[in-house]
Amino acid sequence: MTTATLNAVMNGGGGATGQKTVLITGVSRGLGKALALEMAKRGHSVIGCSRSQDKLTSLQSEISSEPSSSSEKHLFLNADVCSNSSVQELARVVMEKKGVPDIIVNNAGTINKNNRLWEVPEEEFNAVIDTNLKGIANILRHFIPLMIEKKQGILVNMSSGWGRSAAAQVAPYCASKWAVEGLTKSVAKELPSGMAVVALNPGVINTDMLASCFGSSSSLYQAPDSWAPKAADMILNLTMADNGSSLSV
């Protein structure tokens, strides 16, 4: 068996060999948008979802302008990961139009406004948990069975440094990301051979979410488009040997 063939087998559909179909949630801005653009630039087929149709349309136009891209190669869908029924419909359309993704990046996320826990409104706390944790669970619920049938697939759950440490003022966010780490390790024990799920800490990136916490000092950190090539390299080279790992870009 050649090295390239072995790499393809070991990657369970997620290796860097050949064109991949990559589903990314939360592509309307920040890390999701930057990663979608990077994957498309490398010739991979991108499936992106977001709640913002205007931003999806804008991203589709931007990606289609890439020399290696065309509007038919990619698929952008309006979906809310917080809604199980919305994700169920997303899975149906993805299967109908593109088939089972090789890689899924659960990127959609939100953060609470800086506040002590007892001063965070209930609806704000719920929004963080519904997006950051239940949103991932909804995607896994509807896509893992499809990947199992295909006997391969790589799942990347976006975590955070605050999923492995803690900070004041962002308790709901920290709780959600610690939960992502635990969820990932548990699901890893349930997956069959040929698949992998990892928790990925993207690092500290200058996004709207970081600005929410750090204010103007967020501009001192790297931009999403500088981060995306490094993240893409890591994600495209994940293998089933990485199953259950907590990784960092």
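The largest pocket in this predicted model holds about 880 Å³ of space. A pocket here is an open set of points on a 1 Å grid over the protein atoms alone, with protein on both sides within 12 Å along at least five of seven lines, where a 1.4 Å probe fits, and its lining residues have an atom within 4 Å of a point; the volume is the space filled by probe spheres set on the points, which are joined across faces, edges and corners. Because the model is predicted, local features need pLDDT of at least 70 and side-chain atom pairs count only at pLDDT 80 or more, while totals for chains, interfaces and linings use all residues. Residues are numbered from 1 along each chain as its sequence is written, and side-chain values use heavy atoms, with hydrogens and water left out.

The lining of the largest pocket consists of 39 residues, and those nearest its centre are Asn 107, Gly 109, Thr 110, Thr 207 and Met 209. Helix H7 (208-214) provides the largest share, 5 residues, and H2, strand E2 (45-50) and helix H6 (171-188) are also among the elements that each supply at least two. Helices (H or I, at least four residues) and strands (E, at least two) are DSSP runs numbered from the N terminus. In the second largest pocket, the elements giving two or more lining residues are H2 and H8, with H2 contributing the largest share, 6 residues; Arg 29, Lys 33, Glu 62 and Asp 225 are among the residues that line it.

The table sets out the two pockets, with Ala, Val, Leu, Ile, Met, Phe, Trp, Tyr, Cys and Pro counted as nonpolar, Asp, Glu, Lys and Arg as charged, and the others, Gly among them, as polar.

| Pocket | Volume | Lining residues by class |
|---|---|---|
| Largest pocket | about 880 Å³ | 17 nonpolar, 16 polar, 6 charged |
| Second largest pocket | about 190 Å³ | 4 nonpolar, 1 polar, 7 charged |

Turning to the interior, the largest nonpolar core has 31 residues, of which Leu 35, Met 39, Val 105, Val 156, Trp 227 and Ile 235 touch the most other members. Such a core is a set of buried Ala, Val, Leu, Ile, Met, Phe, Trp, Tyr and Cys residues joined through side-chain atoms within 4.5 Å, where buried means under 20% relative accessible area, exposed over 50% and partly exposed in between (1.4 Å probe, protein chains only). Elements giving two or more residues to this core include helix H2 (30-41), strand E5 (153-158) and helix H8 (224-236), and H2 gives the most, with 7 residues. Apart from this core lies another, of 29 residues, among them Leu 23, Ile 47, Val 87 and Ile 104.

Thr 131, in helix H5 (residues 122-150), counts as buried at 9% relative accessibility. Leaving aside neighbours within four places in sequence, Thr 131 is in contact (heavy atoms within 4.5 Å) with Val 81, Cys 82, Ala 108, Gly 109, Thr 110 and Ile 136.

No disulfide, a pair of cysteine sulfur atoms within 2.5 Å, is found in a search of the whole structure, which gives 0. For Cys 82 the nearest cysteine sulfur, that of Cys 49, is 11 Å away, and Cys 82 is partly exposed, with a relative accessible area of 27%.

Two residues that are not glycines have a positive phi: Lys 151 at about 65° and Gln 169 at about 80°. Lys 151 is placed in the loop between H5 and E5 and is exposed at 61% relative accessibility, whereas Gln 169 lies in the loop between E5 and H6 and is partly exposed at 32%.
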